[in-house]
Amino acid sequence: MSDTDYLSSALDKVSDLVDDALNSKNFQDLGESVGRAVKSATDGAKGAVRGFAEGFAGNEERQDAGRPALNINDYFAPEKSSIGPKIAAVIGAAGAFLFGLTTIGAVLAAFHGGSIMVATAITAGVITACNVMAVLWGFRKAKRTDRYNAYRRMLFPRLYMNVSEIAKNVGISEEETVRELGNWIADGSIRQGHFDENRTCIIASDELYAQYQTLARRETEEKKKQYAREQAESAIAPEVRDMLDKGHAFLAELDSADDKIRDESVRGNVLRMEEVIRKILEEVQKRPELAPKLAMFMTYYLPTSVKLVKAYADMENQPVRGDNIVTSQKEIADSLGTINDAYENLLDSFFADTAVDVASDISVMKTMMKQQGLTEDDLSAVGRAGRDAAEHQIAAH
């Protein structure tokens, strides 16, 4: 799968998740589902860089978007010539051959009593070794230079690439590829070069690297949030967790039933009920100590509400609607408003302690302000006193 297809697939998945949530009115796990989809996209993109790199996919795309064409010289030094190292290798090979023959001849002569040939053999041997080293250096330097030119061609205009893909193309190990690319970055040949956190991808653009860092930070923050959520959930007692799971199951049944209801007024009341129930469950998850207040809610009120809504939906979709169905539908419809009021009162009771604390804080603050003459009545009195003094002073003159 190409980078573009990979990104499109991930975005389509996120779009489907959002559409499903909107259609089902169930947003409970939407954040986590989207987070997993984004993480999957960034993992597949090796270090979360591909999602941003599509904007750098080519000069034509940038020009179509009204952006200036990329200039390769902004990102890489010019191509390097390997002719010099290759010439050095050839000369070294010729020298190694000639002085190698001289060394062999001098050694043979030395064995036959030619003592003067010993010094010649040593000298020729040293020169031969130097030429061999020149051969090795020349070929190694030429290959390294040719690989730089290959890196340059592969990375532009994409400006990012997986190290494994580069290593496969140039025929060396990933470790050696990372080392070579690092050297070219260090000497300025790859002018805006960076590696991702795991050194599995090279990014040859400062702008693209900044975007990668932003996404990496977001991913780290999301992982921290996810860990915090998991810790909070693990701290909830099993019986409370079981209660919440049942509550969400009932909520899912309401979500399914409301799609079958055609009467807008009734459906609006059902959606209102779902929202209040969702908020009740969220509050209990945040504050498990509220769970005892839900005993009757969970064992009777909520399952009965679900039963009534499902019954209404079934009756509304009957092909023949007699008096009994019409009467039952009306009774259910009339009861939904009362049920919603009761649920909202239950949710409101969760904040009773908070309301008391708020009222107490406001009362104390007003008292302190009054003591310091900062209330509106006190400030008005000060203003009147100032005006009276001014008028008195004018009258005296």
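In the predicted model, the largest nonpolar core comprises 36 residues, of which Ile277, Ile280, Val284, Leu294, Phe297, Tyr343 and Phe350 touch the most other members. The elements contributing two or more residues to this core are α10 (238-258), α11 (264-286), α12 (295-316) and α13. Apart from this core lies another, of 23 residues, which includes Ala77, Leu159, Val170 and Ile172. In soluble globular proteins, nonpolar side chains tend to be buried together.

Two members of the largest core illustrate its contacts. Phe350 is located in the loop that connects α13 (323-349) with α14 (352-371). With a relative accessible area of 3%, Phe350 falls under the 20% limit and is therefore buried. Beyond residues up to four places away in sequence, Phe350 touches Ile280, Glu283, Val284, Arg287, Leu290, Lys293 and Leu294. Of these contacts, the one with Val284 links positions 66 residues apart along the chain, and the two C-alpha atoms are separated by 9.0 Å. Tyr343, when its neighbours within four places in sequence are left aside, is in contact with Met273, Val276, Ile277, Ile280, Phe297, Tyr301, Leu302 and Ser305. Ile280 thus appears among the contacts of Phe350 and also among those of Tyr343.

Helix α10, one of the elements that contribute to the largest core, also contains Ala252. The relative accessible area of Ala252 is 39%, and this residue is partly exposed because the value lies between 20% and 50%. Ala252 and Val306 are 54 residues apart in sequence, with a C-alpha to C-alpha distance of 9.8 Å.

A separate part of the model contains an open sheet of three strands, arranged in the order β1-β3-β2 with antiparallel pairing. Its edge strands, each pairing on one side only, are β1 (160-162) and β2 (194-195). Strand β2 is joined by two bridges to β3 (residues 201-203), and these strands run antiparallel. Within this arrangement, Phe195 has Ile202 of β3 as its bridge partner. Helix α7 packs on the sheet and touches β1, β2 and β3, and the direction of α7 makes about 75 degrees with that of β1.

Helix α7 (residues 163-170) also meets helix α8 (residues 174-186), the two axes coming within 9 Å and crossing at roughly 100 degrees. The two helices are therefore roughly perpendicular to each other, as this angle lies in the range of 65 to 115 degrees. The contact brings Val163, Ser164, Ile166, Ala167 and Val170 of α7 together with Glu174, Thr177, Val178 and Leu181 of α8. By class, six of the residues in this contact are nonpolar, two are polar and one is charged. Val170, which takes part in the contact with α8, is also a member of the core of 23 residues.

Asn149 is found in helix α6 (residues 116-155). Its relative accessible area of 6% is under 20%, so Asn149 is buried. Outside its neighbours within four places in sequence, Asn149 is in contact with Glu79 and Lys80.

For the protein as a whole, 15 helices and three strands are assigned. Of its 397 residues, 33% count as buried. Among contacts with a separation of 6 or more, 68% are accounted for by residues 24 or more positions apart.

Terms used: Residues numbered from 1 in each chain as written. Predicted model: local features only at pLDDT ≥ 70, side-chain atom pairs only at ≥ 80, totals over all residues. Heavy atoms only, no water. Helix = DSSP H or I, 4+ residues; strand = E, 2+ residues; numbered from the N terminus. Buried < 20%, exposed > 50% of the residue type's maximum accessible area, 1.4 Å probe, protein only. Contact = heavy atoms within 4.5 Å. Axes fitted to C-alpha atoms, helices over the stretch in contact; angles between N-to-C directions. Parallel < 35°, antiparallel > 145°, perpendicular 65-115°, else oblique. Nonpolar A, V, L, I, M, F, W, Y, C, P; charged D, E, K, R; others polar. Core = buried A, V, L, I, M, F, W, Y, C linked by side-chain atoms within 4.5 Å. Pairing = 2+ DSSP bridges.
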